[in-house]
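Welcome, and thanks for opening the viewer alongside this text. Please load the structure, switch on a cartoon view, and keep the selection box handy.

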Amino acid sequence: MKALLLAAPGALVLVLAAGLPAQAGPGAGPAKAASAPAGDQRAATAGAATVYATGRNAFSFPAANLSDAERTRFVIGNSFFRRNWVEAPSSTQARDGLGPHFIARSCGGCHVQDGRGAPPDFRNGLSTEQPVALLMRLSIPGVGEHGAPNPHPVYGDQLNNAAIRGVKPEGQVRIRTTPVKGRFADGTPFELQQPHYEIDQLGYGPLGEGVMISPRIAPQVIGMGLLEAIPEAEIRGNAQRQAATPGPIKGQVNEVWDAFAQRMMPGRFGWKANVATVAHQTAGAFIGDMGITSTPFPTEACSTTQSDCAAAPHGGKDGGVEIDDETLAQVVFYTATLAPPARRQVNDAQVLRGEKLFSQLQCAACHRPSYVTGDAALAERFPHLSSPALKGLVIKPYTDLLLHDMGPGLADGRPDYGANGRQWRTPPLWGIGLIRDVNGHTRLLHDGRARGVLEAVLRHGGEAQASRDAVLKLNRQEREALVKFVESL
C-alpha cells in the first residue's frame, strides 16, 4: 500500500494561531484555554497535552504540547474536517466527490464542534426529522471479509439516507420512543425512554428477512490519538486481570482488521471497538459517511443493484481517489491530536464524595482511570499520522477499551467482529461533563437514548447489573455526588 505523506500547503496556514480553538467562528461561544493550576495534577487528563478549556470550543483545541510545525498541520487538518465536500464535477477540485450516497457533507456535520451527536428531536414520542449524527449499521447473518459483519447485499454495511442529484437515497429512518418507568429505593420515581427504529422509503427494494440494524451515535472526537497510544499490552492486561478476578466483570478484546496496518489488531474505537486506529476510523468515515474514496478504500459503496449510484459522476483526478493521501493524513493528524480538556472542580467536596462512590460501586472495574501512553499503533509505518508529543504521558480516559455484556436492555443483536449482540466497548468518560457546553445536550450511550449520566447508569445491565442495582439504593445526595464526579471528568 502506498505510504501516506504529509505536507503543508502555505495557502491554508493562516487560519489558526497557537492556542486558538480549532473551530472558532461565527456562532462559537466563549472558550477558555489557560495554563495548568500550579500544584494540582488531578485536573490534568493528559499530562502536558492537557488543555484547560471550557465553553463551546472545549473539544476543539490541539494538544497543548504540540510544536509550532505540528500546530500548522493541525490547522490544515481542521479545515478538511469541518468544511463541506461537494458533488463532482465542480470547480472545487480539492473537495469534490461527495456521495453518490452519504449521511453528512463533512466530518464536522456529525461531530459538531468535534463533539457528540444527538438523536433527532421527538414530538409525542416520534422523531420529526432524519438523523444526521446517528447512523444505522446493517448486516445479515454470516461473516464478511476479515471477520467483519456480513454486509447487506443491496444496502451494504450502513444505511445512507441522503444522496446527490440523480441518485436515490437508500431509505429513511423512523424513530419512536416509549417510556420505561422505575423507582429508586428511596421512593423517587424515574422515567427512561426506549427507542424503536424502523427504516422505510427504501430506494432499492425491501431489506428482506434477517437483516440486523444497529444504531450508532457520533461520539466526541477528543483524545483519540492518546487512546491509540495506550500500549496493546495494557488493553490485553485489562482483560487478563478481569478474567482472574472473581465477579461478573469479564472484558474481551475485539480483534479487528486494520486497512492501514493490513493485519488484525485490538479494536479501540467505535461503539463495538470495531476499529483499531485513528487512520482507519477516519478513512472509513470518509467512504462510509460521505462517499469519499481514498487509497485504503478506493471503491464507492455502490452495490450491483444500485445502478444510479454506480453511474454517478465521481471526483478525483484522472480516475484516482477523491481524497489524496496527503490530505487524508492531515485529517488523521488533526483527529489524533485533538486534546481532552482538563477536569473541573477536582477539590469540590461533593465531587470527592462521588469519586469514592464511583470506586465503591465498581464502576472503575471497566472505566479504568489512567494509563501511561507509548507509541501510536501505526507510528512505525506511518509516523506522520500522529505526534511523538502524545508519547509518555499519564492520561486519564476512564476506559478499559474492552467489550462487555451490557444486558438485553442495550442489546442490538448484531455481531461485529468478536463482539456479540449484547456487547459494547467501555466508552472513555473524559470530557463527558462538557458535552452540554459544546453541543447543547447530554444524550449518552450508543444511540443517545440516555438523557444524562444517571440515565446512562440506569441503562447498565449484564456485567454491570450489580453496580446498577447498587445505584438504585443510593439516596438523593449520593446520586447527585456520583453524577457530579462523572461530570467533572
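What follows is a walk through helix contacts, aromatic pairs and backbone details, one selection after another.

Before you click on anything, keep in mind that this is a predicted model.

**Stop 1: two oblique helices**

Select residues 278-289, which form helix H5, together with residues 325-336, which form helix H7. These two helices pack at an angle of about 120°, and their axes are 9 Å apart. That angle makes H5 oblique to H7. If you turn the view to look through the pair, the crossing of H5 and H7 is right-handed.

Now show side chains. On the H5 side, the contact is made by Val278, Ala279, Thr282, Ala283 and Phe286. From H7 come Leu328, Val331, Val332, Thr335 and Ala336. Which classes of residue does the contact of H5 with H7 have? Colour by class to see eight nonpolar and two polar residues, with no charged ones.

**Stop 2: a roughly perpendicular pair**

Next, select residues 349-360, helix H8, and add helix H12. Here the packing angle is about 95°, with the axes 7 Å apart. H8 and H12 are therefore roughly perpendicular to each other.

Show the side chains again. H8 contributes Gln350, Val351, Arg353, Gly354, Glu355, Leu357 and Phe358. H12 brings Gln477, Glu478, Glu480, Ala481, Leu482, Lys484, Phe485, Val486 and Ser488 to the contact. By class, the contact of H8 with H12 has seven nonpolar, four polar and five charged residues. Leave Phe485 selected for the next stop.

**Stop 3: aromatic rings**

How many aromatic pairs does a search of the whole structure find? The count is nine.

For one of them, pick Phe260 and Phe382. Their ring centres are 5.9 Å apart and the planes stand at 90°, so the pair is edge-to-face. Follow the backbone away from each ring: Phe260 lies in the loop between strand S13 (255-258) and strand S14 (263-266), while Phe382 lies in the loop between strand S15 (371-372) and strand S16 (394-395). The pair therefore ties together parts that are 122 residues apart in sequence. Switch on a surface and ask: is Phe260 buried or exposed? Phe260 is buried, at a relative accessible area of 0%, and Phe382 is buried as well, at 5%.

Now add Tyr398 to Phe485, another edge-to-face pair, with 6.2 Å from centre to centre and 70° between the planes. Tyr398 sits in the loop between S16 and strand S17 (403-405), and Phe485 belongs to helix H12 (residues 476-488), so this pair links parts 87 residues apart in sequence. Tyr398 counts as buried at 8% relative accessibility, and Phe485 is buried at 0%.

To finish with the rings, select Phe74, Phe81 and Tyr334, which form one aromatic cluster.

**Stop 4: backbone details**

A short reminder before you inspect torsions: most residues other than glycine have a negative phi, and most peptide bonds are trans.

With that in mind, zoom in on the loop between helix H1 (68-82) and strand S3 (101-102), where Pro89 lies. The peptide bond from Ala88 to Pro89 is cis, with omega near -5°. Pro100 lies in the loop between H1 and S3 too, and the bond leading to it from Gly99 is also cis, with omega near 15°.

Go on to Gln201, in the loop between strand S11 (189-200) and strand S12 (212-217). Gln201 is not a glycine, yet its phi is positive, at about 50°. With a relative accessible area of 55%, Gln201 is exposed.

Then select Leu401, found in the loop between S16 and S17. Leu401 has a positive phi of about 60°, although it is not a glycine. Is Leu401 buried or exposed? Leu401 is buried, with a relative accessible area of 1%.

**Last stop: a distance across the chain**

Finally, find Gly47 in the loop between strand S1 (31-34) and strand S2 (52-55). Gly47 counts as partly exposed, at 28% relative accessibility. Draw a distance line from the C-alpha atom of Gly47 to that of Thr426: the two residues are 379 apart along the chain, and the atoms are separated by 22 Å.

Key. Residues numbered from 1 in each chain as written. Predicted model: local features only at pLDDT ≥ 70, side-chain atom pairs only at ≥ 80, totals over all residues. Heavy atoms only, no water. Axes fitted to C-alpha atoms, helices over the stretch in contact; angles between N-to-C directions. Helix = DSSP H or I, 4+ residues; strand = E, 2+ residues; numbered from the N terminus. Parallel < 35°, antiparallel > 145°, perpendicular 65-115°, else oblique. Left-handed = near helix turned anticlockwise from the far one by under 90°. Contact = heavy atoms within 4.5 Å. Nonpolar A, V, L, I, M, F, W, Y, C, P; charged D, E, K, R; others polar. Phe/Tyr/Trp six-rings, centres within 6.5 Å; stacked < 30°, edge-to-face > 60°. Buried < 20%, exposed > 50% of the residue type's maximum accessible area, 1.4 Å probe, protein only.
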